[in-house]
Amino acid sequence: MTDPAALAERLRDAKRIVCFSGAGLSAASGLATFRGDGGLWRQRDPMTLATPGAFAAEPELVLEWYGERRRRLAEATPNAAHAALVPVTNITQNVDDLLERAGASDVVHLHGTLVRDRCHAACGYDEPIDPADPPVAVRACPQCGAPMRPAVVWFGEALAEATIDAAVEACTAADVFLVVGTSAVVQPAASLIDVARDAGATIIVVNTESSAASDRAHHEIIGAAADVLPALLSAED
Ligand code: OAD
């Protein structure tokens, strides 16, 4: 465990800080983590709903679940950790838009976003969604007629190549790589930590408990992101 104040000075000299984040970043905004105690949704493990198979078998149920998540997102607000990350390059596994709403512009969404829908047949059509008023019925893609779906990456689906390229480019350019609020067990996302480490970045892990990223950390801070990051990234001496 390392003291955030002691590391803050090292960060002030950094040329390119990149933050790789997961659900723990948005926990203080009231959005559930994946492997926390969010529990079942209508007797279903949410992980079984985030799949192409579930969408094929029970599309309305899947859209209802996303509808609930989107409405919760509409009510959520960015926390102090999102605000602290505004000046850095962000690679996030989160599908919420709280970094952008805090003011961040340099954000790679590895697993897509809840605030857009896209054509399930990947014809290229996508459109913005108002999370406060999400679609809950299956709609046809206006371009090709296939069903529309949330523009997120489901289990069993590949990440977009351009997204991976942008993430790897940022990892390679980082001299400081923050790993915030992620269990670091989902691939290929978690392997980005090794890409940054192999390219020479200092790895700083921030999490409320130890994780699969712990053994790759040069420094590990055990604490809540909203408490730790403002101190870590403060521009003040
Ligand atoms: P997880 O739920 O697996 O992990 C959340 C991590 O955040 C855990 O390690 C917690 O200890 C930590 N945590 C919780 N509250 C925190 C806080 N306030 N401050 C700091 N850390 C905190 O979520 P992810 O790692 O994001 O993929 O999960 C990765 C991917 O698995 C997700 O993007 C999603 C999921 O299945 C897809 O949807 C493809």
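Okay, let's start with a tryptophan: Trp65 comes out at 7% relative accessibility, and since buried means under 20%, Trp65 counts as buried. Before I go on, keep in mind that this is a predicted model.

So what does Trp65 pair with? Trp65 and Tyr66 make an edge-to-face aromatic pair, with 4.8 Å from centre to centre and 65° between the planes. Tyr66 is buried as well, with a relative accessible area of 2%. Zoom out a little and there's a cluster, with ring pairs linking Phe55, Trp65, Tyr66 and Trp154.

Two arginines join in here. Arg69 lies over the face of Trp65, at 4.8 Å from the ring centre. Over at Trp154, the charged end of Arg149 sits above the ring, 3.7 Å from its centre.

Now the sheet in that neighbourhood. Helix 4, residues 59–75, lies across strand 4 and strand 6 and runs at about 140° to strand 4. Those strands belong to an open sheet of three, in the order 5-4-6, with antiparallel pairing. Strand 5 (126–128) and strand 6 (148–152) stand at the edges with a single partner strand each, so each has one side left without a neighbour in the sheet. On average, neighbouring strands of this sheet are turned by 40° against each other, direction ignored. Strand 4, residues 112–119, pairs with strand 6 in the antiparallel sense over four bridges, and in that pairing Cys119 stands opposite Met148.

While we're here, look at the loop between strand 5 and strand 6, where Gln143 is found. Is Gln143 buried or exposed? Its relative accessibility is 53%, and it counts as exposed. What does Gln143 touch, leaving aside neighbours within four places in sequence? The contacts are Cys123, Gly124 and Tyr125. For Cys123, which is 20 residues away along the chain, the C-alpha separation from Gln143 is 7.6 Å.

Okay, on to the other sheet. This one is open too, with six strands in the order 3-2-1-7-8-9 and parallel pairing. The edge strands are strand 3 (107–109) and strand 9 (219–222), and each pairs on one side only. Here neighbouring strands are turned by 15° against each other on average, direction ignored. Helix 9, residues 225–232, packs on this sheet and touches strand 7, strand 8 and strand 9, and its direction makes about 145° with that of strand 8.

Let me spend a minute on strand 7, residues 176–180. Five of its five residues are buried. Quick reminder: in a regular strand, side chains alternate between the two faces of the sheet. In strand 7, Val176, Leu178 and Val180 point one way while Phe177 and Val179 point the other way, and all are buried.

Who are the neighbours? On one pairing, strand 1 (residues 17–21) runs parallel to strand 7 and is joined to it by five bridges. Strand 8, residues 202–207, also pairs with strand 7 in the parallel sense, over five bridges. Leu178 shows up in both pairings: it is the bridge partner of Cys19, and it stands opposite Ile204 in strand 8. As for the connection, strand 7, helix 8 (residues 192–198) and strand 8 make a right-handed β-α-β unit.

One step further along, strand 1 pairs with strand 2 (residues 89–92) in the parallel sense over four bridges, and Phe20 stands opposite Ile91 there.

Which brings me back to rings. The count comes to four aromatic pairs. One of them is Phe20 with Phe177, a stacked pair at 6.3 Å centre to centre with 15° between the planes. Phe20 lies in strand 1 and Phe177 in strand 7, so this pair ties together parts that are 157 residues apart in sequence. How accessible is each ring residue? Phe20 is buried, with a relative accessible area of 0%, and Phe177 also counts as buried, at 0%.

Last stop is Thr202, which is found in strand 8. At 15% relative accessibility, Thr202 counts as buried. Setting aside neighbours within four places in sequence, Thr202 is in contact with Arg10, Asp175, Val176, Phe177, His218 and His219. So we're back at Phe177, because that ring residue is on the contact list of Thr202 and is also half of the stacked pair with Phe20 in strand 1.

Technical notes:
Residues are numbered from 1 along each chain as its sequence is written. This is a predicted model: local features need pLDDT of at least 70, side-chain atom pairs count only at pLDDT 80 or more; totals for chains, interfaces and linings use all residues. Side-chain values use heavy atoms; hydrogens and water are left out. Buried means under 20% relative accessible area, exposed over 50%, partly exposed in between (1.4 Å probe, protein chains only). Helices (H or I, at least four residues) and strands (E, at least two) are DSSP runs, numbered from the N terminus. Two strands pair if DSSP finds at least two bridges between them. A crossover is right-handed if, with the strands pointing away from the viewer, the path from the first strand over the helix to the second runs clockwise. Axes are lines fitted to C-alpha atoms, for helices over the stretch in contact, and angles run from 0 to 180 degrees between N-to-C directions. Contact means heavy atoms within 4.5 Å. Rings of Phe, Tyr and Trp (its six-membered ring) pair if their centres lie within 6.5 Å; planes under 30 degrees apart count as stacked, over 60 as edge-to-face and the rest as tilted. A charge sits over a ring if NZ of Lys or CZ of Arg is within 6 Å of the ring centre and within 35 degrees of the ring normal.
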